[in-house]
Amino acid sequence: MSKDIFRIATEEDATAFLELLSGAFKPLGEMGIDWPSTNATLEMVTDNIKKSTAVVLERDGRLISTITIRFPWESTNPVSGYPFVWWFATAPELAGQGIGNRLLEYVEKTLLIETFKAPAYTLGTSGRKHPWLLEMYERKGYKGYFEHENDNGDLGVLMYKVLIPERFDANILGTPPFENKEAEKTSK
């Protein structure tokens, strides 16, 4: 019987992490979605593992799903005052088995709520080139709070999910740093 283990990735996982990410995001890259995950390199993955909290679901020694939590203090220009999740991927051949949902539930309940006491978290998704992602997140309780026209014709959508309602403050969502740069360009 297979045993699933939730854990934090280490630098030794970088090659397997990149393989998982590349396989999962290849179809999105082919759709013209230009995210760091669709163009990841071993150096980017290693840096992500070193600087952020990259959570993996491992089965029988193989990484089968991953998601990374970036905390606001990791950057001088964070996406939000709440944690930001990205690089959410599941091995393509295991799609539709609920593996990604299990990992996301673990991250939400065990890490973000119980460990870090995060009132909410954010993520970014495609609103035009891959619209079912947006619809999926909305069904799971996420709400959009910022949209950004990308140079490649896609609509970037930032979303948030409230985890601890009595502690949530919408002001902490903040303004994404790329919006501040756009405002600076138009004011010059």
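Here are a few friendly notes on strand 5, helix 3 and the nonpolar core of this predicted model.

1. **Strand 5 and its surroundings.** A good place to start is strand 5, which covers residues 120-126. Of its 7 residues, 6 are buried, so the strand is largely enclosed by the rest of the structure.

2. **The parallel partner.** Strand 5 pairs with strand 4 (residues 84-90) in the parallel sense, over 2 bridges. If you would like a residue pair to look at, Val 85 has Leu 123 in strand 5 as its bridge partner. Between these two strands the chain passes through helix 3 (residues 99-115), making a β-α-β crossover that is right-handed.

3. **The antiparallel partner.** Strand 5 also pairs with strand 7 (residues 155-162), here in the antiparallel sense and over 7 bridges. Within strand 7, Tyr 160 stands opposite Thr 122.

4. **Helix 3, buried side.** The buried residues of helix 3 are Ile 99, Gly 100, Leu 103, Leu 104, Val 107, Glu 108, Leu 111 and Leu 112. You may want to click on Glu 108, since that name comes up again: helix 3 bends by about 25° at this residue. The cover over the buried residues of the helix includes strand 1 (4-8), strand 2 (53-59) and strand 3 (62-70), together with strand 4, strand 5 and strand 7.

5. **The end of helix 3.** After helix 3 comes Lys 117, whose phi is positive, near 55°.

6. **Ile 113.** Another residue of helix 3 is Ile 113. Is it buried or partly exposed? Its relative accessible area is 26%, and because buried means under 20%, Ile 113 counts as partly exposed. Setting aside neighbours within four places in sequence, Ile 113 is in contact with Glu 108, Leu 163 and Ile 164. For Ile 164, the C-alpha to C-alpha distance from Ile 113 is 7.4 Å, although the two are 51 residues apart in sequence.

7. **The nonpolar core.** In soluble globular proteins, nonpolar side chains tend to be buried together. The largest nonpolar core here has 52 residues, and those touching the most other members are Phe 17, Val 45, Ile 69 and Val 107. Helix 3 gives the most to this core, with 6 residues. Val 107 is also on the list of buried residues of helix 3.

8. **Val 45 up close.** Which residues is Val 45 in contact with, leaving aside its neighbours within four places in sequence? They are Ala 14, Phe 17, Leu 18, Leu 21, Ala 40 and Trp 87. Phe 17 is itself among the core residues that touch the most other members.

Definitions and conventions
Residues are numbered from 1 along each chain as its sequence is written. This is a predicted model: local features need pLDDT of at least 70, side-chain atom pairs count only at pLDDT 80 or more; totals for chains, interfaces and linings use all residues. Side-chain values use heavy atoms; hydrogens and water are left out. Buried means under 20% relative accessible area, exposed over 50%, partly exposed in between (1.4 Å probe, protein chains only). Helices (H or I, at least four residues) and strands (E, at least two) are DSSP runs, numbered from the N terminus. Two strands pair if DSSP finds at least two bridges between them. A crossover is right-handed if, with the strands pointing away from the viewer, the path from the first strand over the helix to the second runs clockwise. Contact means heavy atoms within 4.5 Å. A nonpolar core is a set of buried Ala, Val, Leu, Ile, Met, Phe, Trp, Tyr and Cys residues joined through side-chain atoms within 4.5 Å. The bend at a residue is the angle between axes fitted to the seven residues ending there and the seven starting there.
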